[in-house]
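Student: I would like to go through this structure step by step, with the reasoning behind each value spelled out. Could we begin with how the elements are counted?

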Amino acid sequence: MIAVSSEPISNKEQLFENELLPHADALYNFAYHLTYNEADANDLVQETFMKAFRFINSFDSGTNAKAWLFKILKNGFINEYRKKKKEPNKVDYEDVIAYQDADEDSGGVVFDLREDIFDGMMGDEITVALNRLPIDFKTVILLCDIEGFTYEEIAKIIDIPIGTVRSRLHRARNMLKESLKEYAEKMGYK
Amino acid sequence: MENTTPPNQQRDLQDKISLLVDGELDRPAERDLLKKIQTCEETLQLYKNQVAYKKMVSEKITRKCCGEDLKEALRSKIRGL
């Protein structure tokens, strides 16, 4: 029998199929909430997988493929997509960091909503409120509360210290709850 | 329910509860906080609120899937490399 000369490529394809591709839906969901556009999310996910495949030799099988892919996608979004798009409704990344750091120094505000209010919320309202958040705050909620990444994984994905993940998450959740408060009041909650 | 905890301490408490619900507290701190949740109504309510928040976000926010077409397109692209 003739030896298969393309075996290394097959192995790469196998790795791609078994360890990377199963995260496509989660990546697409993340990309969609970042871009709020299906076509852009599609492009971002394709770019992410193509980059991952290009560097698949540096990926150790069995390590955290999902976190690796999310990091590639987030870098792609920050470094390329947003520079091209220059969306007027998006807050500049550096401005958000400055705002967020200032918030950390202020000691923050305690803001909470009762459990029964959350139970009565409709999915569409919550999705709209989430998508209104500045991108860096929305990102930590998506990574923690939807994808279930640990603080350590989030820190690696978005290149910030764990302490900043914690404070940004606190601020992001407060912002989301504040945004939902108005809706809750319209629904008759007090 | 009226809050009796001073604001700065309430923020610390809310932070700890978030860490607990996120699974980020170490074992001794987790044990202490669970004990407090069992004995303090205000802490119990904050805990219930945070659990409800996490449940709401994870279950109610619209999830989008890429579908098989995108996956198949990716398979074709890498085969062509």
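Tutor: Helices, as H or I runs of at least four residues, and strands, as E runs of at least two, are DSSP runs numbered from the N terminus. Please keep in mind throughout that this is a predicted model.

Student: How many helices and strands does chain B have, and what pattern do they follow along the sequence?
Tutor: Counted in that way, the secondary structure of chain B consists of 4 helices and 0 strands. Reading along the sequence, the pattern is therefore written with helix symbols alone, as α-α-α-α.

Student: What is the radius of gyration of chain B, and how does it stand against the globule rule?
Tutor: For 81 residues the globule rule gives 12 Å, and the value for chain B lies well over that, so the chain is more spread out than a compact globule. The C-alpha trace spans about 65 × 25 × 20 Å along its principal axes, and buried residues make up 22% of the chain. The radius of gyration itself is 21 Å.

Student: Which helix of chain B has the highest mean pLDDT?
Tutor: Over the whole of chain B the pLDDT averages 89, with 94% of the residues scoring at least 70, and the model as a whole scores ipTM 0.88 and pTM 0.82. Among the elements of chain B, the lowest mean, 88, belongs to helix 1, while the highest, 96, belongs to helix 2 (residues 27–39).

Student: Which helix of chain B gives the most to the side that touches chain A?
Tutor: The contact draws 30 residues from chain B and 35 residues from chain A. On the chain B side, helix 1 (7–21), helix 3 (41–60) and helix 4 (67–79) each supply at least two residues. The side of chain B that touches chain A comprises 12 nonpolar, 7 polar and 11 charged residues, and the element that gives the most to it, with 10 residues, is helix 3.

Student: Which residues of chain A does B:T62 contact?
Tutor: B:T62 sits in the loop between helix 3 and helix 4 of chain B. Because 14 C-beta neighbours lie inside 10 Å, and partly exposed falls between the limits of 12 or fewer for exposed and 20 or more for buried, B:T62 counts as partly exposed. Leaving aside neighbours within four places in sequence, the contacts of B:T62 are A:G123 and A:T127.

Student: How many helices does chain A have, and what percentage of its residues are buried?
Tutor: The secondary structure of chain A has 0 strands and 10 helices. Among contacts in chain A with a separation of 6 or more, 72% join residues 24 or more positions apart. Of the 190 residues in chain A, the buried share is 31%.

Student: Is helix 2 of chain A largely enclosed or largely open, and why?
Tutor: Helix 2 (residues 24–35) has 12 residues, which at 1.5 Å a residue should span 16 Å, and its end C-alpha atoms are indeed 16 Å apart. The buried residues include A:L27, A:F30 and A:L34, and the helix is followed by A:Y36, whose phi is positive, near 60°. Because 10 of the 12 residues are buried, helix 2 of chain A is largely enclosed by the rest of the structure.

Student: Which helix gives the most to the largest nonpolar core?
Tutor: That core has 51 residues, of which A:L27, A:A31, A:V45, A:V140 and A:I141 touch the most other members. A:L27 touches A:V45, A:T48, A:L69, A:F70 and A:L73, not counting residues up to four places away in sequence. With 7 residues, the element that gives the most to this core is helix 2 of chain A.

Student: How many of the residues of helix 8 of chain A are buried?
Tutor: Helix 8 (residues 135–146) reaches 15 Å from its first C-alpha to its last, close to the 16 Å expected. Its buried residues include A:V140 and A:I141, and just after the helix A:G148 takes a positive phi of about 75°. Helix 8 of chain A is largely enclosed by the rest of the structure because the buried residues number 10 of the 12.

Student: Is A:N18 buried or exposed?
Tutor: A:N18 is found in helix 1 (residues 7–20) of chain A. Since 11 other C-beta atoms lie within 10 Å, and 12 or fewer is the limit, A:N18 is exposed.

Conventions
Residues numbered from 1 in each chain as written. Chains lettered and ligands numbered in written order. Predicted model: local features only at pLDDT ≥ 70, side-chain atom pairs only at ≥ 80, totals over all residues. Expected span 1.5 Å × (residues − 1). Contact = placed C-beta atoms within 7 Å. Nonpolar A, V, L, I, M, F, W, Y, C, P; charged D, E, K, R; others polar. pLDDT = per-residue confidence, 0-100. Rg over C-alpha atoms; globule rule 2.2 N^0.38 Å. Core = buried A, V, L, I, M, F, W, Y, C linked by C-beta atoms within 7 Å.
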